[in-house]
Structure formats: structure tokens, C-alpha cells
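Reader: I would like a careful, close look at one single part of this protein, set against the chain as a whole. Please explain each term when you first use it.

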Amino acid sequence: MPDAAYDVTYGDPDARRVREELDNGLYGGLRDLLRGTADPDARAFHVAAATERAGRPAWLDAWVAAEPRNPDAHLVRGAHGVGWAWQARGHAEAEHTERSRFHTFWERLAAAEEDLERAIGLAPDDPEPWAHLVTSARGLEVGLEELGRRFKEVIVRHPWHRRAHAQMLQGLAPKWSGSVGLLFDFARDRALAAPPGSPLASLVAEAHIEMWLDRDTEDAMDAYFRSPSVQRELHAAADLSVRSPHWDPRPEDARADNIFAFCFLSGGDAASAAARFAATGGHVSREPWLYLGEGIENAYLFHRDRAFAALPRTDPP
């Protein structure tokens with residue numbers, strides 16, 4: 001089996017090259033890559049690969065100062081600002097988060113929204129700033145109506161925006177003032193509406209992970225994915241996406257395989273899980289492994305080994 005690693009570039013050579021340049025403060029490669037990339041999902045991937053980093057790199061302000069009329073400069077700084085805000089907040093539940101953290105969180109989100117709105121003003125047809133405003137809406141607690149308005153602005157420009165759908169799903173979860181009904185209605189409706197072979201069908205699996213996380217006891221968590229009805233729905237979603245004959249994954253679509261691998265293994269279906277682990281090619285996504293508290297790569301490797309160890313052995317010919 002291949003080595004496994006969490007890498008925000010998922011091995012994409014352009015994303016990896018640009019990220020290395022940014023590590024040295026050089027943003028020209030990212031500027032040119034975004035300018036030359038018309039596909040919205042490819043642009044979203046490259047923005048995410050460039051901006052997922054700790055702290056506030058100096059090149060963000062340098063780029064905006066050098067090219068104040070370039071919408072991508074504001075987009076990238078705004079996208080980073082949203083993630084930077086979550087770094088300040090942390091991932092603990094609200095009642096376990098210090099008030100000072102929330103102050104910094106909201107302050108950074110407000111600054112990020114200014115950048116994203118500036119990007120919209122300069123490039124009104126681009127869905128990407130709106131996609132990040134879907135994420136910031138959750139943190140600023142603007143309400144479900146405003147969350148939905150922002151999401152609609154994304155899909156008017158690109159109906160199948162992968163990352164915006166994942167963020168909208170989070171916004172509809174009960175933990176963010178949504179509900180179980182809203183969560184599953186959205187996941188199921190968008191999965192069925194998406195083109196055959198779309199990764200959006202993995203939204204159904206993500207919705208079930210939210211329900212699994214909400215169980216009160218370890219026994220209840222263990223039992224959740226073993227429900228026959230849950231497993232039937234997961235297999236149906238996989239058939240629409242990662243197992244569809246129309247599946248033509250991009251590097252970052254390994255995330256969908258990671259999600260299904262976890263869900264199938266948690267349900268006791270080692271064979272289906274092993275197939276999805278194999279399909280990842282060793283590319284580890286943050287979700288769902290961050291929920292296990294074992295370190296992302298460690299959790300992936302442990303559960304991948306479990307899946308393959310559970311397969312029936314075949315005698316050599």
C-alpha cells in the first residue's frame with residue numbers, strides 16, 4: 001500500500017509548485033494560475049491549497065497593495081482570513097471557548113468579509129468569493145436566511161460548487177442552528193440533482209457523520225453506522241458518486257473516498273471500505289479523521305489497516 005500523507009495539494013503539481021513559491025513570499029505564480037484557470041472548482045481548489053496555512057503571511061498584504069484592482073488578490077486574502085479566524089476560535093464547542101477568542105474570531109471574519117466583498121465588486125461573476133462568504137456566515141451567526149442567500153449567489157454562478165456545498169451543509173447542521181431535517185433535505189436533494197459521477201453525493205455521507213458525532217455515548221456512536229438503513233443510503237450515495245461509471249475524480253476528490261471509507265468501515269463493511277481506501281492513493285483528507293482525536297494521518301492509517309486486515313485471505317494459486 002502507498003504511504004499516506006495529509007497534503008492540501010493532494011499531489012497536484014501546479015498547487016504544490018505555487019505553494020512552495022508562496023512559502024518564499026512569491027505570489028506571482030498563484031496570480032498567474034488563478035488568472036489562467038476558468039473552471040470554478042479548479043479555482044476553488046487552488047485558492048484553498050494556497051491559503052490553508054497558519055498565521056498571516058506577509059505576501060497577502062503585499063499582493064493587495066501591489067494590485068489593488070486585482071479581484072484575486074482580495075479573494076485570496078479574504079479566503080485566508082476566514083481560515084485565520086477559525087485558527088483564533090479553535091474547534092472546541094462554544095461553551096468551552098474563551099470570550100477573547102471569539103472577539104478575535106469575529107474581528108478577523110469581518111476583515112475577511114470586506115476583502116471578499118471587494119473581490120465581488122471587482123469580479124461580480126466569480127462564485128468563489130460568495131463561497132467563502134457562506135463559511136463566514138456561519139461564524140458570524142447571520143442566520144439561516146442570509147446563509148441561504150449567500151449560497152444561492154454561489155450556485156447562480158456555478159451550480160455544483162464542491163466547497164460551497166460542503167460549507168452550506170455545515171451551516172444547516174443542528175450544531176450551527178440548523179436542524180436534522182434541513183441537513184438531510186439539503187444533502188439528499190443536492191446529491192440527486194447533481195450530474196452523474198459528481199462528488200456532491202458524498203454530502204449524504206457527511207450528513208450521516210454529523211449525526212454520528214451527535215450521539216450521546218460511544219455505544220450509540222458504534223451502533224449508528226451499523227444501521228441497515230444508514231448503510232443502504234451510503235451505498236446508494238456511493239453509486240451516484242465514487243462508484244459511478246461517470247466518476248472522473250480530480251485530486252481533491254480523494255476527500256469523498258476518505259469519507260466513504262470511514263462510513264463503510266464504521267458500518268462493518270470492510271470490503272467496501274478497503275476499495276475506497278485504495279482509491280485515495282494514500283491522499284488523506286482532514287475530514288473525517290480529525291474527528292477521531294488520533295491525529296489525521298494516524299487515524300487514516302489505523303483504519304486503513306483495519307479495513308484490509310478484515311478482508312478474507314485467499315490462498316495463493
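**One loop and its surroundings**

Author: Among the contacts in the protein chain with a separation of 6 or more, 65% join residues 24 or more positions apart, where a contact means heavy atoms within 4.5 Å. This is a predicted model, in which local features need pLDDT of at least 70 and side-chain atom pairs count only at pLDDT 80 or more, while totals for chains, interfaces and linings use all residues. Residues are numbered from 1 along each chain as its sequence is written, and side-chain values use heavy atoms, with hydrogens and water left out.

The part to look at closely is the loop between helix H10 (180-193) and helix H11 (202-213), where Ser 198 lies; helices (H or I, at least four residues) and strands (E, at least two) are DSSP runs numbered from the N terminus. Ser 198 counts as buried because its relative accessibility is 10%, given that buried means under 20% relative accessible area, exposed over 50% and partly exposed in between, with a 1.4 Å probe and protein chains only. If neighbours within four places in sequence are left aside, the contacts of Ser 198 are Leu 240, Ser 241 and Trp 247.

Pro 199 is placed in this loop between H10 and H11 as well, and Pro 199 is buried, since its relative accessible area is 10%. Once neighbours within four places are set aside, Pro 199 is in contact with Arg 162, Ser 241, Trp 247 and Asp 253. Its pairing with Ser 241 spans 42 residues in sequence, yet the two C-alpha atoms are 5.3 Å apart in space.

Two other loops have backbone features worth a look. Ser 177, which is found in the loop between helix H9 (162-171) and H10, has a positive phi of about 75 degrees although it is not a glycine, and at 62% relative accessibility Ser 177 counts as exposed. In the loop between strand E2 (283-284) and helix H16 (296-309) lies Pro 288, and the peptide bond that reaches Pro 288 from Glu 287 is cis, with omega near 5 degrees.

Around these loops stands the whole protein chain, which has 16 helices and two strands, and in which 51% of the 317 residues count as buried. The largest nonpolar core has 81 residues, and Leu 30, Trp 59, Phe 225, Cys 263, Phe 277 and Trp 289 have the most contacts inside it; such a core is a set of buried Ala, Val, Leu, Ile, Met, Phe, Trp, Tyr and Cys residues joined through side-chain atoms within 4.5 Å. Helix H14 (residues 254-266) gives the most to this core, namely eight residues. There is also a second, separate core of five residues, including Tyr 10, Ala 15, Phe 45 and Ala 49.

Tyr 10 is placed in the loop between strand E1 (5-6) and helix H1 (13-23), where it counts as buried at 10% relative accessibility and has a positive phi of about 50 degrees although it is not a glycine.

As for overall form, the C-alpha atoms of the protein chain fill a box of roughly 65 × 45 × 35 Å along the principal axes.
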